[in-house]
Amino acid sequence: RDWFDAANLRELRWVSELRTQFAAPRWHRFDGVKIKRAGKTVTDIDFVAYDSHDQSVILFQLKWQQPPVQDDRLRRNNGSSLVGDSNKWISDVADWIEMAGNSGIKERLSIRTGEDLRIHLVVLGRYHAHFTESLDHDPRALWCDWGNFIRHRLLQPHEAGSDFMQSLAKSVREMTASVQPESFFIPLGDLLVLTNPRRIQPARG
């Protein structure tokens, strides 16, 4: 029980941090939104940010992974588990979006607008989310680590929701391309610490 209490508290702190990045009254924020089908909860959305200026809705799944470890096999297993869980979340949410349509989404999220919504999905990892192609992550969502997300948000605090998502996606692509597959970033205050920046094979005699 202590572990679950601690996990809930750290997620609440994370949600609080996200709220500061999407300030009211322009942004409407929700958390812990449950998605149900036939009366049963299928999945939940950890955090929702709705930009009333451009009608964009950003749906977040927050993944507080195990801290990075040096063991390659364990790190891959942790990454594979995270990707599998997140792919299922993306599939469940995408199915709900298709079934509910714009009107159903507005009703569920208490959004009042006559315009169509622009829906974006984000898998946000606390430590790192630079996944290699072999992990087969679902491209219907943007996969990003907290350090890169918060840095980009601080640089573009007033950007419209859809524009922010587009520029963040570009930033993620550029950063992923520049980092070796086994490397990852750890946020440390306002800094991003690159761990294992280059895999070097031992020299052969």
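Tutor: Buried means under 20% relative accessible area, exposed means over 50%, and partly exposed lies in between (1.4 Å probe, protein chains only). The model is predicted: local features need pLDDT of at least 70, side-chain atom pairs count only at pLDDT 80 or more, and totals for chains, interfaces and linings use all residues. Residues are numbered from 1 along each chain as its sequence is written, and side-chain values use heavy atoms, without hydrogens or water.

Student: In what order do the strands of the open sheet stand?

Tutor: Helices (H or I, at least four residues) and strands (E, at least two) are DSSP runs, numbered from the N terminus. Two strands pair if DSSP finds at least two bridges between them. The open sheet has 5 strands and mixed pairing. Its order is β1-β2-β3-β4-β5.

Student: Which strands are the edge strands?

Tutor: An edge strand here pairs on one side only. That picks out β1 and β5 (142–145).

Student: What is the average twist from one strand to the next?

Tutor: Axes are lines fitted to C-alpha atoms, for helices over the stretch in contact, and angles run from 0 to 180 degrees between N-to-C directions. From strand to strand, the twist averages 30 degrees.

Student: Do β3 and β4 run parallel or antiparallel?

Tutor: Strands of a sheet pair through backbone hydrogen bonds, in either sense. On one side, β3 meets β2 (residues 40–51) in the antiparallel sense, over 5 bridges. With β4 (residues 118–125), β3 shares 8 bridges, and the two run parallel.

Student: Which residue is the bridge partner of L62 in β4?

Tutor: Take the β2 side first: F60 in β3 is the bridge partner of F47. On the β4 side, L62 is partnered by L124.

Student: Which residue in the turn of the β2–β3 hairpin has a positive phi?

Tutor: The hairpin leaves 4 residues between β2 and β3. One residue in that turn has a phi of about 65 degrees: Q55.

Student: How many residues of β3 are buried?

Tutor: S56, I58, F60 and L62 point one way, V57, L59, Q61 and K63 the other. Both sets are buried. For β3 (residues 56–63), the count is 8 of 8.

Student: How many aromatic pairs does the structure hold?

Tutor: Rings of Phe, Tyr and Trp (its six-membered ring) pair if their centres lie within 6.5 Å; planes under 30 degrees apart count as stacked, over 60 as edge-to-face and the rest as tilted. The total is 10.

Student: Why is the F22 and F60 pair classed as it is?

Tutor: The ring centres are 6.1 Å apart. The planes stand at 55 degrees, so the pair is tilted.

Student: How far apart in sequence are the parts tied together by F22 and F60?

Tutor: Both residues are buried. F22 lies in the loop between α1 (2–21) and β1 (27–37), and F60 in β3, so the parts tied together are separated by 38 residues.

Student: What is the angle between the planes of F149 and F164?

Tutor: F149 is in helix α3 (residues 146–155) and F164 in helix α4 (residues 161–178). Both are buried. Their rings are edge-to-face, 5.7 Å centre to centre, with the planes at 85 degrees.

Student: Which residue has its charged end over the ring of F164?

Tutor: A charge sits over a ring if NZ of Lys or CZ of Arg is within 6 Å of the ring centre and within 35 degrees of the ring normal. The distance to the centre of the F164 ring is 4.8 Å, and the residue is R153.
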